[in-house]
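I sat down with this one to see how the chains are built and where they touch. These are my entries, in the order I looked things up.

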Amino acid sequence: MSDLKPLLNVDNLRVRFPSRDGFTEAVRGVSFTVGREKLGIVGESGSGKSMTGRAILRLVPPPGEVTADRIEFDGTDLRTASERRMRGIRGRGISMVMQDPKFSLNPVMTVGHQIAEAYQVHTKASRSDARRRTLEMLEAVRIRDPERVFGLYPHEVSGGMGQRIMIAMMLIPDPALLIADEPTSALDVTVQMQVLAIMDELCGGRGMGLIFISHDLNLVASFCDRILIMYAGRVVETCRADELRSAKHPYTRGLLDSLPRLDETRAELPVLTRDPAWATAGDPKGGAT
Amino acid sequence: MREWLLTDTPGSRTQARLGRLYGGWLAFARNRLAMVGLGIIVLLILMALLAPLIATHSPYDQDLANRLQPPSGAHWFGTDQFGRDIYSRIVHGSRLTLYIVLLVAVTAPVVGLLIGTVSGYLGGWTDIVLMRITDIFLAFPKLILALAFVAALGPGIGNAIIAIAITSWPPYARIARAETMTIRNSDFISAVRLQGASPVRIILGHVIPLCTSSLIVRVTLDMAGIILTAAGLGFLGLGAQPPLPEWGAMISTGRQYLLEQWWVATLPGLAIFVVSLGFNLLGDGLRDVLDPKNG
Amino acid sequence: MIEVEDLNVIFGHGGGAIHAVRDVTFRVGAGESFGLVGESGSGKSTVLRAISGLNPDWTGIISVDGEAQRQRRDKAFHKRCQMVFQDPYGSLHPRHTVDRILEEPVAIHGMGDADKRIDRVLREVGLGPQFRFRFPHQLSGGQRQRVAIARALILEPRVLLLDEPTSALDVSVQAEILNLLKRLRSELALTYILVSHNLSVVAFMCDRLAVMNRGRVVEEMDAVTLRRGEASQDYTRQLLRASLGYDRAAADSFRDFA
């Protein structure tokens, strides 16, 4: 995976928000590359993982400020690209799936219509063509009765179905890179597995790159190829997913230990004690291997 | 002091409450226009309080030799058809305006709040009955209904206030009910129900405090409308009776001279305009601070 | 301590009625910790809300502490049986300080000595007196959940109903809250019913559990069996497999259980 030219190259990314006294930094010098692989970004709330994903697509809500030495996607500098160019990239180049589908879908348009529109915007396909593709896509995300679901409004679908619809909508323009921010956290475990299988298949089949942002260490370890662990706006550790169990950073270790297990026999769970040095450790790439 | 107020670890009830107020004030003070609005309202209040000191003449003394004088050094805003000083009348009129505004503000929203929260929280038949009554009131145009009430009660500023209050509570009841319906199903209401709290306790202690902020915003924004309704009633001769210097009534009498002696009607009109604007700006600022989303 | 027999919950009337819980029966002994596991829509939270008295639309038998309960509960019941909710951001009144939140149940039940009780219960849940006058927005998610637990405990109940108490929290905070709940149970001899979709949490917290699907109890087992992964029903086995992490082959084999 690493011998291929990376799709996305991020260097020294910073996101900050003005606050009552000065600035609060949400992301503090994050650097990474993504190829045609599944990259997991793990962290707790406030670690800056979601802001990292949003900053790439320039979707950080104002008054947030984004700076970086480099954000390059497929030869385009995303820092300086025009808004017009960005619109082309969003969707066709990079797509994003958010945590809560209810906020991302237009409530007064049927879901089928929205997906078809996403397709038409990027491909100039005819209406019947878009409809056919949409039904195919709904089927691809394992929606049993695509014809019926096509005509439903967002409030009429369940959480799991809504998330699958979002994924269908984000994948229909056939993006090169998908950023998925907690795409399955609101779902039941079995549905979650099915949605992941869909994304897995698309990554393998189409050679799509994936940035999978999640708080669930176990899930990321079993699903992704490579993992970035974020803490207080920095990447504290980078490792291959199958080597997560032998992670070195005390934060990663602490997180792993504090998870209850199915075969739990411990009387008490070890509690993570946070070392202030983790947040301040000099080199932003510190801990990377 | 600032630190003590803004601390995240208040040590007493008072400090917690003051800190909260101060935080709200800081958010409010950041909004320039809202501060302008607040300034206008504070000036209005000062003007009402100090009216006898600020006014250059008596608002009632007629001077028929000097009627319909244009603005000058002796009469800053000119004089009306009886030679009364318009500036002094406007200054004294601010008392009437405040009087109307305050009385309406302490009656209509309170009634609306109670009816709305009870209706929304209890649901069922209570809700149906209370909301149908509200609908009946809402079905009439406000000014017409107020006119009907004043016509029945007889003209006068007290009756005008009653009429305005009676006609302006239904929208507040609607807002309070809608908000109560969303609050009713939240976990913190469930939690207090599980502690065995009675509906009265829940409505008074838990639901109403959350509804008040949006209601305060709405009331402030409605103040302009209330002033205009009062002025409208005054204009039609059903509100304040002569010789009271009520702004609406002043416009009403000034309209006959509008073309030649423009200041007689225009200056009280401007006063209404400025005060309405002040309340609107203030309301916008309050909305930013009190919006429940910033909980 | 708690007996539930033939519990049925139906929402709505006529054609639109939803049969959310069907013939659910289980018993929880005094001092026991019982888990209710299932996916969303399985009816697990509905069972809990019926026991708590929040939901009056049930039929069957619910008895707590030897007393059969009716649809409406009295104050004495609430003093014995308290609940902790899933979302610590929604379960505390946004305009009330911790002090006010904890003082209210004491006032409702006329228990007196509010100051002492509040101080003690705050210490019990691992929050110092410095938290007493804060508003919820000045607390982290974990601290809020501790306040919610303190609010439940201040009435000195015997039964605590826990509705996904850690699913909205970060994993490191989850560990703290789970430890706290476990410690409180042994110190105060509480009986727990824990509703969760997370089998690992149930394996850590509970002695016995019931697995629910589409309103029915599919399987009841003890925690030892769960830890060994020895489920007898296909549905439970599928749930166990899904909880182990992502596995392509497993995901493809999943099916719907009606």
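Two strands count as paired here if DSSP finds at least two bridges between them. I keep in mind that this is a predicted model.

**Entry: the open sheet in chain C**

I started with strand 3 (residues 33-38) and strand 9 (residues 208-213) of chain C, which pair in the parallel sense over five bridges. I looked up one position there and found C:Gly35 opposite C:Leu209 of strand 9 of chain C.

Then I traced the sheet these strands sit in. It is an open sheet of six strands in chain C, in the order 6-7-8-3-9-10, and the pairing is mixed. At the edges I noted strand 6 (81-84) and strand 10 (216-222) of chain C, each pairing on one side only. From one strand to the next the twist averages 20°.

I also checked for a helix on this sheet. Helix 5 (residues 141-153) of chain C packs on it and touches strand 6 and strand 7 (159-163) of chain C. The direction of helix 5 makes about 175° with that of strand 6 of chain C.

**Entry: strands 1, 2 and 4 of chain C**

Next I went to the start of chain C. Strand 1 (residues 2-11) and strand 2 (residues 18-28) of chain C pair in the antiparallel sense, with seven bridges. I picked C:Leu7 and found that its bridge partner in strand 2 of chain C is C:Val24. The hairpin of these two strands has six residues between the strands, and C:Gly12 takes a positive phi near 80° in it.

Which strand does strand 1 of chain C join through six bridges? I found strand 4 (residues 58-64) of chain C, and the two run antiparallel. Here I noted C:Val9, whose bridge partner in strand 4 of chain C is C:Trp58.

**Entry: a helix pair in chain B**

I moved on to helix 5 (residues 86-122) and helix 10 (residues 199-235) of chain B. They pack at an angle of about 140°, with their axes 7 Å apart. Angles over 145 degrees would count as roughly antiparallel and 65 to 115 as roughly perpendicular, so I put helix 5 and helix 10 of chain B down as oblique to each other. Their crossing is right-handed.

I listed some of the residues that make the contact. From helix 5 of chain B they include B:Ile100, B:Val104, B:Pro109, B:Leu113 and B:Tyr121. From helix 10 of chain B they include B:Ile203, B:Cys211, B:Leu215, B:Met223 and B:Ile227. By class I have 21 nonpolar, two polar and no charged residues in this contact.

**Entry: chain A**

For chain A I wrote down eleven helices and eleven strands. Its radius of gyration is 19 Å, close to the 19 Å that the globule rule gives for 289 residues, so chain A is as compact as a globular protein of that length. Along the principal axes its C-alpha trace spans about 60 × 50 × 45 Å.

I looked up a helix pair here too. The axes of helix 4 (residues 111-123) and helix 5 (residues 127-140) of chain A come within 9 Å and cross at roughly 115°. This crossing is right-handed. A:Gly112, A:Ile115, A:Ala116, A:Tyr119 and A:Gln120 of helix 4 of chain A meet A:Ala130, A:Arg131, A:Arg133, A:Thr134 and A:Met137 of helix 5 of chain A. I sorted the residues of this contact into five nonpolar, three polar and two charged.

**Entry: who touches whom**

Which of the two pairs of chains that touch has the most contacts? I found that to be chains A and C. There, 30 residues of chain C are in contact with 30 residues of chain A. Helix 6 (171-188), helix 7 (199-205), helix 9 (234-243) and helix 10 (248-253) of chain C each supply at least two residues of the side that touches chain A. The largest share, six residues, comes from helix 6 of chain C. By class, I noted 14 nonpolar, nine polar and seven charged on this side of chain C.

For chains B and C, I have 24 residues of chain B in contact with 29 residues of chain C. Helix 2 (13-29), helix 9 (187-194) and helix 10 of chain B each supply at least two residues of the side of chain B that touches chain C. Helix 9 of chain B gives the largest share, seven residues. I split this side of chain B into nine nonpolar, ten polar and five charged residues.

Last, I checked chain A against chain B. They do not touch, and their nearest C-alpha atoms are 10 Å apart.

Definitions and conventions
Residues numbered from 1 in each chain as written. Chains lettered and ligands numbered in written order. Predicted model: local features only at pLDDT ≥ 70, side-chain atom pairs only at ≥ 80, totals over all residues. Helix = DSSP H or I, 4+ residues; strand = E, 2+ residues; numbered from the N terminus. Axes fitted to C-alpha atoms, helices over the stretch in contact; angles between N-to-C directions. Contact = placed C-beta atoms within 7 Å. Parallel < 35°, antiparallel > 145°, perpendicular 65-115°, else oblique. Left-handed = near helix turned anticlockwise from the far one by under 90°. Nonpolar A, V, L, I, M, F, W, Y, C, P; charged D, E, K, R; others polar. Rg over C-alpha atoms; globule rule 2.2 N^0.38 Å.
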